[in-house]
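Work through the exercises below with the sequence and the model open. Try each task before you read its solution.

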Amino acid sequence: MICDAAQSFGAVYKGRNVGTLGDITTTSFFPAKPLGCYGDGGAVFTDDEESASVLRSLRVHGQGSDKYDNVRIGMNARLDTLQAAILIEKLKIFAEEIEARDRVAARYGKMLADLVTVPIVPPGLTSVWAQYTVRLSRGQDRDRVAARLKAYGVPTAVYYAKPLHRQTAYRDYPSAGNGLPVSERLAAEVLSLPMHPYLDDATQGRIADALSAALG
């Protein structure tokens with residue numbers, strides 16, 4: 001099983017850290033991620049030595065025992081030294097930043113629960129809150145709400161406006177039954193608010209006030 005942890009590295013599922021649930025787990029260190037470098041970066045985790053050996057080969061042009069002996073078709077996917085140095089330093093405070101993100105998310109939940117549908121983390125699980133995404137009520141014009149928030153000085157984002165089955169690369173693949181109406185509805189209703197570990201109470205209060213006004 002290959003797991004995608006691009007937005008969940010640092011989270012816990014029923015006592016098990018993300019990265020230990022599947023045979024192989026990938027993550028991203030893109031600057032917008034909870035643990036981000038200053039450019040592009042990523043990592044793959046596995047406790048299977050054979051898989052690790054293949055992955056090491058693939059990241060450097062498919063090399064074998066010698067760098068000029070290409071035993072498979074690979075890629076140039078090495079993490080450069082500058083990004084590694086940045087990540088080493090950021091790892092030192094990563095646990096603290098996860099706790100701070102959780103406090104920010106909890107404040108959002110209290111402030112916004114009467115305005116929109118807020119995300120809920122089930123018992124036994126934790127989130128690293130790569131984004132804080134709310135769901136607007138049916139009938140709300142998301143573009144209008146986002147525009148009004150922008151006018152109030154609050155940036156927003158819609159990260160996945162088009163579900164995968166509507167993407168050009170996947171649209172010819174079959175989907176079950178009557179399609180994926182829930183995915184399509186949710187994609188049209190979600191809106192992500194500012195989220196980072198250093199949001200203070202006053203700033204979040206201003207965001208909540210702006211959202212209330214934008215929904216009015």
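**Exercise 1. Place S57 in the fold and describe its surroundings.**

Step 1. S57 sits in helix α1, residues 49–59. Helices here are DSSP runs of H or I with at least four residues, strands are runs of E with at least two, and numbering starts at the N terminus.

Step 2. S57 has a relative accessible area of 5%, so S57 is buried. The cut-offs: buried is under 20% relative accessible area, exposed is over 50%, and partly exposed is in between, with a 1.4 Å probe and protein chains only.

Step 3. Set aside the neighbours within four places in sequence. S57 then touches G62, Q63, V71 and R72. A contact means heavy atoms within 4.5 Å.

A note on the model. It is predicted, so local features need pLDDT of at least 70 and side-chain atom pairs count only at pLDDT 80 or more, while totals for chains, interfaces and linings use all residues. Residues are numbered from 1 along each chain as its sequence is written, and side-chain values use heavy atoms, with hydrogens and water left out.

**Exercise 2. Summarise the chain as a whole.**

Step 1. Count the elements: six helices and seven strands.

Step 2. Read them in sequence order. The pattern is β-β-β-β-β-α-α-α-β-α-α-β-α.

Step 3. Take the box along the principal axes. The C-alpha atoms fill roughly 65 × 45 × 35 Å.

Step 4. Check burial and contacts. Of 216 residues, 31% count as buried. Among contacts with a separation of 6 or more, 57% join residues 24 or more positions apart.

**Exercise 3. Is Q131 buried or exposed, and what does Q131 contact?**

Step 1. Q131 lies in the loop between α3 (94–112) and β6 (132–135).

Step 2. The relative accessible area of Q131 is 18%, so Q131 is buried.

Step 3. Beyond four places in sequence, Q131 contacts Q7, Y159, S192 and M195.

Step 4. Look along the chain to P194. Q131 and P194 are 63 residues apart, yet their C-alpha atoms are separated by 7.6 Å.

**Exercise 4. Classify the ring pair Y159 and Y160.**

Step 1. A ring pair is described by the distance of the centres and the angle of the planes. Rings of Phe, Tyr and Trp (its six-membered ring) pair if their centres lie within 6.5 Å; planes under 30 degrees apart are stacked, over 60 edge-to-face, and the rest tilted.

Step 2. The structure holds six aromatic pairs. In the Y159 and Y160 pair, the centres are 6.3 Å apart and the planes are at 45 degrees, so the pair is tilted.

Step 3. Compare accessibility. Y159 is partly exposed at 44%. Y160 is exposed at 53%.

Step 4. Note the cluster too: F9, F45 and F94 form one aromatic cluster.

**Exercise 5. How many disulfides are there?**

Step 1. A disulfide is a pair of cysteine sulfur atoms within 2.5 Å.

Step 2. The count by this rule is zero.

Step 3. Check two cysteines for burial. C3 is buried at 19%, and C37 is buried at 2%.
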